[in-house]
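User: I'd like a close look at one part of this model, the strand pairing around S4. Could you walk me through it?

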Amino acid sequence: MQSIENNGIAAFRSRQQVMRFDSALRKAGIHSEIVSTPRDVSVGCGLSVAFDLRDTAAVLDAYRRSRPGNLIGFYEIVRTPGQKAQVVPIRL
């Protein structure tokens, strides 16, 4: 499986919802991965669904259709060379 470089994450409060949303994305043909939730998003189950930012509109559409619940939020991971990655909320 290819790694997601330019990624966003969907963070949930429950592992069950992470698995459900990851499955919904895959069924929609959207590449996703289950990853550890960054410390900056400290509330939750410790897992998130990563996706390519270029797929954000399709990811949000899949979320609206599947309604997995327990969503903490959608975030962009901003990487700057020589600095710690930052987690920025994606405006819905």
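User: To set the scene, how many helices and strands does the protein have? And which strands does S4 pair with?

Analyst: Before the close-up, a word on the source: this is a predicted model, where local features need pLDDT of at least 70, side-chain atom pairs count only at pLDDT 80 or more, and totals for chains, interfaces and linings use all residues. Residues are numbered from 1 along each chain as its sequence is written, and side-chain values use heavy atoms, with hydrogens and water left out.

The protein has two helices and five strands, counted as DSSP runs from the N terminus (helices are H or I, at least four residues; strands are E, at least two). Along the sequence they come in the order β-α-β-β-α-β-β.

Now to S4, which covers residues 71-78. S4 runs antiparallel to S1 (residues 7-12), and five bridges join the two; strands pair if DSSP finds at least two bridges between them. In that pairing, Gly8 sits opposite Glu76 of S4. S4 also pairs with S5 (residues 86-89), again antiparallel, over four bridges. There, Ile77 has Val87 in S5 as its bridge partner. As a general point, side chains in a regular strand alternate between the two faces of the sheet.

Zooming back out, 45% of the 92 residues are buried (under 20% relative accessible area, 1.4 Å probe, protein chains only). Among contacts between residues at least 6 apart in sequence, 67% join residues at least 24 apart, with contact meaning heavy atoms within 4.5 Å. The C-alpha trace spans about 40 × 25 × 25 Å along its principal axes.

Technical notes
Buried means under 20% relative accessible area, exposed over 50%, partly exposed in between (1.4 Å probe, protein chains only).
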